[in-house]
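Here is a short set of exercises to work through with the structure open beside you. Try each task before reading its solution.

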Amino acid sequence: INFYFFCLCRCWVIYLLFLHLIDKVSLEVSGFVGDSVLLPCLYQERELKPEEINVFWRYNDSKNVYDIIKGNPSTDKQDAVFKGRIKNFLSKKGDFSIVLSNLMVTDAGQFSCDIPSVEKDSKLTLHVKAHPTMSTTASNPNSTSDTRSCSMKSQPEGIATFLTVVLEFFLLHFICVLY
């Protein structure tokens, strides 16, 4: 029984570590100068009570991007660089995503969305690029072709690492079950 208990505890530790790593997978979001970009932040494990809805968006762990205090938007302490450039999605339950408009090169960096009441802290990295130009448009100023391309895409950062962790979890779980 002691060996079984030890194995079971070890499996649970591995499982909890796995869940912790899943939550820490960060996103990369890209956008173009002058465009808008969606910065996602979702909590849908359960419906939060209004007094639990405290969400703090930060840029590079220091600048105040946007706050939601007890379910209400608050821009009182918002950093001047983000004033008038943030739109939220509070009308959708559990969606604390924001849209950052009029992107600037200086917006590139790490954004975090912290929901302390449920211990959720998600991070994402924003990359801001200049709009691509087409050589045909540059050589023909009268061209009416649209040179804009998709201004937003998101992808998991370190997907190979994540998949490796998943594989290791299943292998360790299988080993635990065998012993």
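**Exercise 1. Where does E119 lie?**

Step 1. E119 is in the loop between β8 and β9 (120–129). Strands here are DSSP runs of E with at least two residues, helices are runs of H or I with at least four, and both are numbered from the N terminus.

Before going on, two notes on the material. This is a predicted model, in which local features need pLDDT of at least 70 and side-chain atom pairs count only at pLDDT 80 or more, while totals for chains, interfaces and linings use all residues. Residues are numbered from 1 along each chain as its sequence is written, and side-chain values use heavy atoms, with hydrogens and water left out.

Step 2. Now look at the backbone: phi of E119 is near 55°, a positive value in a residue other than glycine.

Step 3. E119 has 75% relative accessibility, so it counts as exposed. The cut-offs are under 20% relative accessible area for buried, over 50% for exposed and partly exposed in between, with a 1.4 Å probe and protein chains only.

Step 4. D61 also has a positive phi, of about 60°, although it is not a glycine. D61 sits in the loop between β3 and β4 (63–69) and is exposed, because its relative accessible area is 57%.

**Exercise 2. Describe strand β3 and the strands paired with it.**

Step 1. Start with the general pattern: in a regular strand the side chains alternate between the two faces of the sheet.

Step 2. Apply it to β3: V55, W57 and Y59 point to one face and are buried, whereas F56 and R58 point to the other and are not.

Step 3. Find the pairing with β4. The two strands run antiparallel and are joined by 5 bridges; strands pair if DSSP finds at least two bridges between them. R58 has N64 as its bridge partner in β4.

Step 4. Follow the chain around the turn: β3 and β4 form a hairpin with 3 residues between them, and N60 in the turn has a positive phi of about 50°.

Step 5. Turn to β8, which runs antiparallel to β3 and is joined to it by 4 bridges. Here the bridge partner of F56 is D114.

**Exercise 3. Which residues form one aromatic cluster?**

Step 1. Two values are needed: a pair of aromatic rings is described by the distance of the centres and the angle of the planes. Rings of Phe, Tyr and Trp (its six-membered ring) pair if their centres lie within 6.5 Å; planes under 30 degrees apart count as stacked, over 60 as edge-to-face and the rest as tilted.

Step 2. The count comes to 3 aromatic pairs. In one of them, Y59 and F82 have ring centres 5.9 Å apart and planes at 65°, so this pair is edge-to-face. Y59 belongs to strand β3 (residues 55–59) and F82 to the loop between β5 (72–74) and β6 (86–88), so the pair ties together parts that are 23 residues apart in sequence. Both Y59 and F82 are buried.

Step 3. For Y59 and F111 the centres are 5.0 Å apart and the planes at 55°, so this pair is tilted. It links distant parts of the chain, with Y59 in strand β3 and F111 in strand β8 (residues 109–115), 52 residues apart.

Step 4. Put the pairs together: Y59, F82 and F111 form one aromatic cluster.

**Exercise 4. Locate the disulfide and describe its setting.**

Step 1. The whole structure holds 1 disulfide, a pair of cysteine sulfur atoms within 2.5 Å. The disulfide joins C41 to C113, with S to S at 2.0 Å.

Step 2. The link of C41 and C113 is left-handed, with -65° about the S-S bond. The pair connects distant parts of the chain: C41 is in the loop between β2 (37–39) and β3, C113 is in strand β8, and they are 72 residues apart.

Step 3. C41 has 2% relative accessibility and so counts as buried; C113, at 0%, counts as buried.

**Exercise 5. Find the salt bridge partner of D67.**

Step 1. A salt bridge needs a side-chain nitrogen of Lys or Arg within 4 Å of a carboxyl oxygen of Asp or Glu. There are 6 salt bridges in the structure.

Step 2. D67 pairs with R58, the closest N and O atoms being 2.7 Å apart. D67 is buried at 7% relative accessibility, while R58 is partly exposed, with a relative accessible area of 22%.
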